[in-house]
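Student: Could you take me through one part of this model up close? I'm curious about the aromatic rings and whatever sits around them.

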Amino acid sequence: MLPEKRKQEVKKLNEIVNNPDFKTPADVEQFFIAYTKLIWNHKMIGTIYDYYIDDIVIHAEDGGKDVIGVEAVVRNTLIKLSTVPDYKTTFSEIFAVGDEASGYKFVQITMSEGTNTGPSLSGPATGKKVTYDNVMTFCECHVKKINGK
């Protein structure tokens, strides 16, 4: 992506993320698309601290080890990006339901792309491509404002 185009996209995404409305399910969907792109596509990992609660629990797939706490989320994100530094994510589907008072539940399906150029827990770098054809991520969350944020 050209630097000026990237700068404009980051500005637009930050405007969405820094001013979350959460009055409708569509607001939640828009927020999470912008937030996810900032973290994964623009490598703004510090953004995680702004919106994850300290004691967050991310349940792993296939009986893997759960990720517990915001520090662990940041660490796991950094590890993944060191393994696939050109990692990008694209939304296939996102759907939210709920209301402002009780919060929202949403699910998202994202497709990934990048190249394994760094070592991982699975072994040394392979140079293989992560593509939309071989990696899909499913996520479901409960979202609620805490102290107005």
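What follows is a walk through the aromatic rings, and then the helix and hairpin that come up along the way.

Tutor: Sure, and keep in mind that this is a predicted model. Confidence is decent overall: the mean pLDDT for the protein is 89, and 97% of the residues score at least 70.

Now the rings. There are nine aromatic pairs in the structure. Take Phe 31 and Phe 32 to begin with: they pair edge-to-face, with 5.1 Å centre to centre and 80° between the planes. Both of these Phe residues are buried. Then look at Tyr 35 and Tyr 51, whose ring centres are 5.6 Å apart; their planes sit at 85°, so this pair is edge-to-face too. Tyr 35 belongs to helix α2 (residues 25-41) and Tyr 51 to helix α3 (residues 47-51), so the pair ties together parts that are 16 residues apart in sequence.

Are those two tyrosines buried or exposed? Tyr 35 has a relative accessibility of 3%, so it counts as buried, the cut-off being under 20%. Tyr 51, at 23%, is partly exposed.

Step back a bit and you'll find these four rings in a cluster linked by ring pairs, made up of Phe 22, Phe 31, Phe 32, Tyr 35, Tyr 51, Tyr 52 and Phe 106.

Another ring worth a look is Trp 40, which has the charged end of Lys 80 sitting over it, 5.3 Å from the ring centre. With helix α4 spanning residues 70-83, go there next: its 14 residues reach 20 Å from first C-alpha to last, close to the 20 Å expected at 1.5 Å a residue. The buried residues of α4 are Val 70, Ala 72, Val 73, Val 74, Thr 77, Leu 81 and Thr 83. Among the elements covering them are α2 and α3, the two helices that hold the tyrosine pair, along with β1 (57-58), β2 (67-68) and β4. As for confidence, α4 has the highest mean in the protein, at 94, while strand β6 (residues 136-143) has the lowest, at 80.

That leaves β4, one of the elements covering α4. Strand β4 (residues 103-115) pairs with β3 (residues 88-99) in the antiparallel sense, over eleven bridges. Thr 90, for instance, has Met 111 in β4 as its bridge partner. A hairpin of three residues takes you from β3 to β4.

Technical notes:
Residues are numbered from 1 along each chain as its sequence is written. This is a predicted model: local features need pLDDT of at least 70, side-chain atom pairs count only at pLDDT 80 or more; totals for chains, interfaces and linings use all residues. Side-chain values use heavy atoms; hydrogens and water are left out. Two strands pair if DSSP finds at least two bridges between them. Helices (H or I, at least four residues) and strands (E, at least two) are DSSP runs, numbered from the N terminus. Rings of Phe, Tyr and Trp (its six-membered ring) pair if their centres lie within 6.5 Å; planes under 30 degrees apart count as stacked, over 60 as edge-to-face and the rest as tilted. Buried means under 20% relative accessible area, exposed over 50%, partly exposed in between (1.4 Å probe, protein chains only). A charge sits over a ring if NZ of Lys or CZ of Arg is within 6 Å of the ring centre and within 35 degrees of the ring normal. The expected span of a helix is 1.5 Å times one less than its number of residues. Contact means heavy atoms within 4.5 Å. pLDDT is the predictor's confidence in each residue, from 0 to 100.
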